[in-house]
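Hello,

Here is the structure I promised to pass on. Please open it first; my notes follow below.

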Amino acid sequence: RMLETMHPDGEWDGDDDVRETLGRKGLTYLVWGADWCGDCTAQLPDFADALDAAGVPADRIHQFPVDDDKRGDGVDEYGVEYIPTVVVERDDEEVARFVEEEPTGIAEYLAERIDRAEA
């Protein structure tokens, strides 16, 4: 199943460094969200545009739609409580995590943490 909100629909106008970081080989993105969720519809389209601009292939972006009770695949395994939640993995190890809302967008927030984790 797919999230409508994770469909790239525009040109991402973010930072080149962020794009390069998101596009690094070997990173996998796990995205929990819901099309009924205001935070998701506000934030995920721009993140989808950023992943698209970074050239991240679809097979490295895993989408996990949740129901009204925030239940769904991977929720328990990954301890997902709030949406959107995005977990970035390399070799099945968590590198970075975005939960619900931050002062910066999802792409910028995760790129900063990926850079820090892989420095």
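I began with helix H4. Its buried residues are Ile106, Ala107, Tyr109, Leu110, Ala111 and Ile114. Bear in mind that this is a predicted model. The buried residues of H4 pack against two helices, H1 (16-22) and H2 (38-53). They also pack against the strands E1 (27-33), E3 (85-90) and E4 (93-99). An α-helix has 3.6 residues a turn, so residues three or four places apart point the same way. That is worth keeping in view as you look down the helix.

I also checked the length of H4. The helix covers residues 106-117, twelve residues in all. At 1.5 Å a residue, the span should be 16 Å. The end C-alpha atoms are 16 Å apart, so the two values agree.

Next, the backbone. Most residues other than glycine have a negative phi, and most peptide bonds are trans. Three places in the loops deserve a look on that account.

- Pro84: the peptide bond from Ile83 to Pro84 is cis, with omega near 0°. Pro84 sits in the loop between helix H3 (75-78) and E3.
- Lys70: phi is positive, about 55°, although Lys70 is not a glycine. You will find Lys70 in the loop between strand E2 (61-65) and H3. Lys70 is partly exposed, at 31% relative accessible area.
- Asp91: phi is again positive, about 55°, and Asp91 is not a glycine either. Asp91 belongs to the loop between E3 and E4. Is Asp91 buried or exposed? With a relative accessible area of 68%, Asp91 counts as exposed, because the cut-off for that is over 50%.

Last, Trp36. This residue is in the loop between E1 and H2. Its relative accessibility is 44%, so Trp36 counts as partly exposed. Which residues does Trp36 touch, leaving aside neighbours within four places in sequence? The contacts are Val66, Asp67, Asp68 and Ile83. Ile83 is also the residue that starts the cis peptide bond to Pro84. With Asp68 there is a polar contact, side chain to side chain, at 3.5 Å. For Ala58 the picture is one of separation: Trp36 and Ala58 are 22 residues apart along the chain, and their C-alpha atoms are separated by 23 Å.

When you go through the model, I would take H4 first, then the three loop sites, then Trp36.

Best wishes

Terms used. Residues numbered from 1 in each chain as written. Predicted model: local features only at pLDDT ≥ 70, side-chain atom pairs only at ≥ 80, totals over all residues. Heavy atoms only, no water. Helix = DSSP H or I, 4+ residues; strand = E, 2+ residues; numbered from the N terminus. Expected span 1.5 Å × (residues − 1). Buried < 20%, exposed > 50% of the residue type's maximum accessible area, 1.4 Å probe, protein only. Contact = heavy atoms within 4.5 Å. Polar contact = N/O pair within 3.5 Å; in protein donor to acceptor, adjacent residues only side chain to side chain.
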